[in-house]
Amino acid sequence: MITIKNNMFHLATANTSYIFFINSLGLAEHLYYGKKLRNPEYDIPSLREKHVGPRVNETSLTPDDLTIQPVNLMSEFSTEDKGDYRTPSIAVSTGRKKLRTLDLRFSGYTSFTGIQRFSSPLFQALGSDQNTCGVSLEFRDPVAGVKATFLYTLFDDSDVITRRVVIENISSEPMTLRSAYSLQLDLPGHDYELITFTGAQLRERKETRQTITYGKYVNESRRGASSAEANPGIILKSIHDGQCYMTNLIYSGSHREVVEVNQFGKTHVLSGINDDTFEADLAPNSAFETPEAIMLYSHLGLDDLADKSHRFIREHIQRGPWKDRLRPVAFNTWEAVHFDFEERKLSGLIKQAAELGIEVFVLDDGWFGARNDDTSSLGDWQVNTLKIPGGLATVSKECHRRGMMFGLWLEPEMVSLNSYLYRKHPDWMLGDPSRKSHAVSRNQYFLDITRDDVQDYLISTMKHLIQNANVDYIKWDMNRHLSDMYSANPEIMNMGEYQHRYILALYRIQKSLAVTFPNLFIENCASGGARFDLGMLCYGSAIWTSDCSDPIERIPIIEGTSMLYPLSVCGTSVSTSPNYATFRSTDLETRFAVALFGVLNYSIDIMKFSDREKAAVKDQVEFYRQYRQILQFGIFRKEVRGNITVWSAATPDRSVILVLYVQTLMRSNCEDDILTVSQADENFVYRVVRRDDRAPVWDIGSDVSKFKKEEESYEVTGDTLKWAGIKLSDKCSGSGYRNGMRVMPDFSSRVYIIKKI
Ligand code: DGJ
């Protein structure tokens, strides 16, 4: 609900209030963002900053009111050259002398129900007239010739407020837009911990904490993708209590989050397109739309913040029929056979996958052109008939005959020098033709997808493939980052626009497929999880979270990712042991137990399975299918983190809870373990049983034929489970083995099923 009274705008969601005030100079002073206030309309005198005189050595916006010094005023936007020395949220250069002065003053507002559509192909959050409303405010600087419209949209059910800005050239001269952040959030004080999600390929989105103090913190990607290095989602958490704020961006390109504590101790947060890699020319009467940013507040801490973000993503970001559908269990050929397959081998894998209960068979890299390694053929999206003489339709038919969906890997944005496509259209490759060579990664180059002819080629090629081979599922990969930005596209005269235009083109292509094939399941991927963001989740029903398939290394990846994104979009993987990246050997049951929490996929040579492994995987798939509603859409909690990791996933009514228990290293003569589950409902009585896995305890050590699986099972009241916990039985750790002991070597795990009785 939005209340507008006495120049005060109160944007209220179910549990939060966001308040600003248009002051006598027409600036939007930010007053408050936090727990919902009952009646802020009466509290304006308390909520406003009271500067009764100017601070010496600071700059007042105008001689008419010296008390208004922008650098020390919480506001909805910051501009340059008028006394606000913080990082600007909007920056322009106007006129022949490239003036930077921008002085925007309020010129009106309109309220709306539902959402306001973008005019560009940017993706945005969706909502109906019943659950969404908003307000757009206009500010103008007639001298600079700039109009800026700030759009706030409220998503009541998940306590999210989104913001974006439309910047228009209302002068008769061209101008340059140098910064256009989507969001500015000014907060009082600086007693916050900044949580970012940082990493690299194979170790994406690790939760990284730092306590902020005076100065500037930057979380950014300059790569043309949201990146594995720094996810656009960030959190500020009070160091005193549970209050926390999240911001995120519905955008898949280079982004920048600035957290700046100024000399008066106020915190200035910006989120948007990275202005280091961006610049746009604005002709008279043209406008630039920023991506939509989200902000979210909770006074109850990080778990509540994550729950709300998950709800928002499921309700307002995801679209199409897969939005609420259970995700299928996949088999993926990549870590199973890499490039080394032909039709007969595929038939064997298809048959075996179907027998294991797998629901979608995904043919990964290597099926097209002459692609037998990663040096050629990207762009040649025709089946390699030497490998698959019957064509993709035969493989697809075989999958369908065996009751599975057929999935296909594609990397549409790329081209190899060694490809027919490059030979035919060398000018389609991104790069300045006057240079002899271009920067390369994984032997591949970008197609200039901002060109209409390239877009049309990609859209028609993919549509043809999907239709002809009856493809139900695509894995859309992207395995490098932008370089050599030169485009022959006559619409782009300033390469500072290129990265943004690239994302608009990507969205156009992906949307066109999704709209033509509404039932198509799109799994996005970028060397694992280098483009894991709200933009790629609009039409992507899931994202390949990481190429790291070592279960122990995966723990922090899922933990970090889940603080922003729901498990229903996190692809997880059971692969080969020893792991190719860490050389660590882990049992098949532990690989499964960790992969259980998310969208399950096997990428392992199932033809080499022993009978025990076949039986184990069959049980695993059945178990996952039985509980996947909870594992994909339930409430997720990280209960214990450290040498022992405990996670839980529960139904919203907490009547069923699944618990993962993983131990990294076994200690001799070790400490006792207690299993507490924060999600237990205090008023219920539960039965707790261990999932009967097929972990081979009898294979451990020399004289261990005596080891048996412990059969721990308890009946326990919810409050005991939640607060006191269950004291688990001894681990066998050096004083001899006795029946009932838990045998837990390094990297072993348990899954507990907890049900209300
Ligand atoms: C990178 C992906 O992350 C992998 O899963 C796999 O699809 C390879 N690309 C194939 O080249």
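Rings of Phe, Tyr and Trp, the last represented by its six-membered ring, are taken to form a pair if their centres lie within 6.5 Å, with planes over 60 degrees apart counted as edge-to-face. On this basis, a search of the whole structure, which is a predicted model, yields 39 aromatic pairs. One of these pairs consists of Trp322 and Phe521, whose ring centres are 4.9 Å apart and whose planes stand at 85°, so the arrangement is edge-to-face. The pair links distant parts of the chain, with the two positions 199 residues apart in numbering. Trp322 belongs to the loop between α2 (302-317) and β21 (330-332), whereas Phe521 is located in strand β27 (residues 521-524).

The surroundings of the ligand were examined next. The ligand is surrounded by 13 residues, of which Asp364, Asp365, Lys475, Asp477 and Asp547 come nearest. Classified by residue type, this shell comprises six charged, four nonpolar and three polar residues. Polar contacts involve both oxygen and nitrogen atoms of the ligand. An N or O atom in the side chain of Asp364 is found 2.7 Å from a ligand oxygen atom, and a polar side-chain atom of Arg442 lies 2.8 Å from an oxygen atom of the ligand. For Asn479, an N or O atom of the side chain is 3.5 Å from a nitrogen atom of the ligand. Of the 290 Å² that the ligand exposes when taken alone, the protein buries 98%.

Two open sheets are described here. One contains four strands in the order β1-β2-β3-β4, paired in the antiparallel sense. Strands β1 (2-5) and β4 (28-35) occupy its edges and have a single partner strand each, so one side of each lacks a neighbour in the sheet. Neighbouring strands in this sheet are turned against each other by 15° on average, direction ignored. Within the sheet, β2 (residues 8-12) and β3 (residues 16-22) are joined in antiparallel fashion by five bridges, and Ala12 stands opposite Ser17 in β3.

The other open sheet is built from six strands, ordered β31-β32-β33-β38-β35-β36, again with antiparallel pairing. Its edge strands, β31 (635-640) and β36 (713-717), each pair on one side only. The average turn between neighbouring strands in this sheet is 20°, direction ignored. Strands β32 (residues 644-650) and β33 (residues 656-663) run antiparallel and are connected through seven bridges; Val646 stands opposite Tyr661 in β33.

A further antiparallel pair is formed by β11 (residues 192-200) and β12 (residues 203-211), which are joined by seven bridges. The bridge partner of Glu193 in β12 is Thr211. The two strands β11 and β12 form a hairpin with two residues between them, and Leu202 in the turn adopts a positive phi of about 75°.

Backbone geometry was also considered at two loop positions. Most residues other than glycine have a negative phi, and most peptide bonds are trans. Asn285, a residue other than glycine, has a positive phi near 70°; Asn285 is placed in the loop between β18 (280-282) and β19 (287-289). The peptide bond between Ser577 and Pro578 is cis, with omega about -5°. Pro578 lies in the loop between β29 (570-575) and α11 (588-595).

How values were computed:
Residues numbered from 1 in each chain as written. Predicted model: local features only at pLDDT ≥ 70, side-chain atom pairs only at ≥ 80, totals over all residues. Heavy atoms only, no water. Pairing = 2+ DSSP bridges. Axes fitted to C-alpha atoms, helices over the stretch in contact; angles between N-to-C directions. Near = heavy atom within 4 Å. Polar contact = N/O pair within 3.5 Å; in protein donor to acceptor, adjacent residues only side chain to side chain. Areas by Shrake-Rupley, 256 points an atom, 1.4 Å probe, with all protein chains shown as cover. Nonpolar A, V, L, I, M, F, W, Y, C, P; charged D, E, K, R; others polar. Phe/Tyr/Trp six-rings, centres within 6.5 Å; stacked < 30°, edge-to-face > 60°.
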